[in-house]
Structure formats: structure tokens, C-alpha cells
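Here's a quick tour of the empty space in a protein model, with a stop at one residue along the way. Have a look at the structure first.

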Amino acid sequence: MTSEPASLERLRVLHRSHDYIVVDKHWDIRIDSKMWYENLTVQAQLRHCFPQLADPGTYYGFRFCHQLDFSTSGALCVALNKAAAGRAYRCFKDRTVTKAYLALVRGWVEEETQTLDFAIGKNSSEGKTHMMCIEGTEGCENPKPCQTELTVLQYGVYDGEAVTKVLLQPLTGRTHQLRVHCSAIAHPIVGDVTYSLGADQTPFRMMLHAHLLHIPLDPQPLLVSAEDPFLPGVDAKWVPQRTLRTLEATMDALLERRMEERKKKEEEERVANEAKRKGSRKQKCEEESEEQRRQCQEWLSEWAGD
């Protein structure tokens, strides 16, 4: 990742197989667009670089498994056939997908690990209908529960002002969730023009990056990471001053925890299914016993009448 603008030719591929291709989406580029004048999109990049992979049976030519905001960079998964799209969709629907984002946020976040738990709804206020907002704010419509886990990685400065590098893991999937949650704790994402109400326009991009994507597909899970763009070598305005934990160790712990959670869930489902089967067998046995008692009673009645 660099500070250079996007182009049709500049498309970094992180993973490619028969069923999926994962690209490192550029900042400030849409995934697709119905606007005739918007020629530079991820869909257009894919058509340019991999015309043979386009599916004429779809509107855009490619099946995007999930979404990333216009201003967000990072790992974006594309299914190359209908069956693959269905398998990925089920994982997203069942919330078994693990996503982790890197961000630079304004100020120094004091609480090193925390769960941000704010319901988010559509903002109906005049001039803000393109935004989301947290429950309790003016104009918030239909708020839904949302949770994000935040982990502090580093403290430092960006262009001379205090910022914190954090890892964000969305546990739900609401529009603009990470941006709204960070803003709600008074630590908006650096360069987020929308949720700073136009005040934070100096940085060349919004500092939010989809770093890791894990989809537990069967039989082979898909695990891809897009390299960290928030490094002094990429952007000299970012100067780390104190590191609390490394990105590598934090990601290892996150994936290990998710694996333990999945194993626990699978065990709970196995126990529940076994109990259900035993209940069905018991009910069947009870029904058979009742039938046997009835037949025995009939036989005794017949015997007594002889």
C-alpha cells in the first residue's frame, strides 16, 4: 500500500484459487458503481486484469462476498462462481467469519482493550442522511445492537498530533460500524471526513484498513491478510512512540480464541443434537411400550374369557 492514487492496472492480489480471488482494495475507490462516469472501481480493475474471470450472468461480472467502504482499504473477497458465493454467504450469515481492521484514531485511547457496545441506526437528520448514528442521538432511526472489540497496539503522533494505532474486530456487521463506534468514544478515525463533519481533511486518506479475513470454508478455510499500511516507511507523518503489543502476537491470540470459540460451539451443537436424538429414541420407546401394554391387555382379556 502506498499514498499513490488508484489505477486500473494497480490491483494487488492476495489470494487466488478456482473459487475465490482476494484483492487488497485501494483506499478511496468503490467496489462497484452504476454511475456511467465512475470508471475506476474494483470491478473495473478485475475486468481489466482478469477479463477471463468475469461472469456474464451477473450484473457487475463478479460476486463480491462482502463490502468495504469507499474510503477503506484492505482484504476483499470475490467469489468466482455461484456455488462458491453460496458457501461464503453462509459463513457470513452464520457469523463465523473473522474480520480484523487496523486503524489510526485521534487521541490516545486509555483503555487498552474494550468492547464498544453501541446500537447503530440510520441518521435521518437533514444533511446527514448518508450517515449512521448511535442510539439516543437526534434523528437515529431503527438502531440495532452492534459490538466491536478494540485493542490498542501503539501510541504515537500523526503529523504532530496524538493518535493511537488500534486493532478493531467487528462482532456484528452494521454500515459504518467501526467509524461510528470510534467516533462514539471520542476517538474518530484519522482522515474520516464524514464523521468529523468535514473537519479532518488534511490526511491523504482515511486510516482504516481491512487487515485480516478468515472464512471457515469446508474443507479448506480461507485465511488472508493484507499487509499493514500504517508504518513510518509508508507514511512518514505517522511516528510510533510506544508499543503495547505487536500486531503478529495480537492476531495469533485472536485467531486462537476464535478457534476455541468455534470448537466450543461445535461441541455444544453436538451435545444438543445427541440429546435430541436420545429424546426421539426415548419417545419412540415409550410409544412402543404403550403399544405393547395394550396388546398384552387385549391378550389377557381374551385369555380370561376362554
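Which residues lie nearest the centre of the largest pocket? They're K99, Y101, T172, G173 and R174, out of 29 lining residues.

## Ground rules

This is a predicted model, so to speak a computed one: local features need pLDDT of at least 70, side-chain atom pairs count only at pLDDT 80 or more, and totals for chains, interfaces and linings use all residues. Residues are numbered from 1 along each chain as its sequence is written, and side-chain values use heavy atoms, with hydrogens and water left out.

## The largest pocket

The volume here comes to about 800 Å³. A pocket is an open set of points on a 1 Å grid over the protein atoms alone, with protein on both sides within 12 Å along at least five of seven lines; lining residues have an atom within 4 Å of a point. Volumes are the space filled by probe spheres set on the points, which are joined across faces, edges and corners.

α2 (82–93), β5, β11 and α3 each supply at least two lining residues, and α2 gives the most, with four. (Helices are DSSP runs of H or I, at least four residues; strands are runs of E, at least two; both are numbered from the N terminus.) By class, the lining has twelve nonpolar, eleven polar and six charged residues. Nonpolar covers Ala, Val, Leu, Ile, Met, Phe, Trp, Tyr, Cys and Pro, charged covers Asp, Glu, Lys and Arg, and the others, Gly among them, are polar.

## A closer look at T172

T172 sits in the loop between β11 (161–170) and α3 (177–184). With a relative accessible area of 16%, T172 is buried (under 20%, against over 50% for exposed and partly exposed in between, using a 1.4 Å probe and protein chains only).

The side chains of T172 and Q177 are joined by a polar contact of 2.9 Å, meaning a pair of N or O atoms within 3.5 Å; within protein, one must be able to donate a hydrogen and the other to accept it, and residues adjacent in sequence count only if both atoms are side-chain atoms. A polar side-chain atom of T172 also lies 3.1 Å from the backbone nitrogen of Q147.

## The second largest pocket

This one holds about 450 Å³ of space. Of its 17 lining residues, T96, R258, R262, K263 and E266 are the closest to the centre. Helix α4 (residues 247–305) gives the most to the lining, with ten residues. The class split is six nonpolar, two polar and nine charged.

Notes
1 Å grid on protein atoms, 1.4 Å probe; cavity = no way out; pocket = protein on both sides within 12 Å on 5 of 7 lines; lining within 4 Å.
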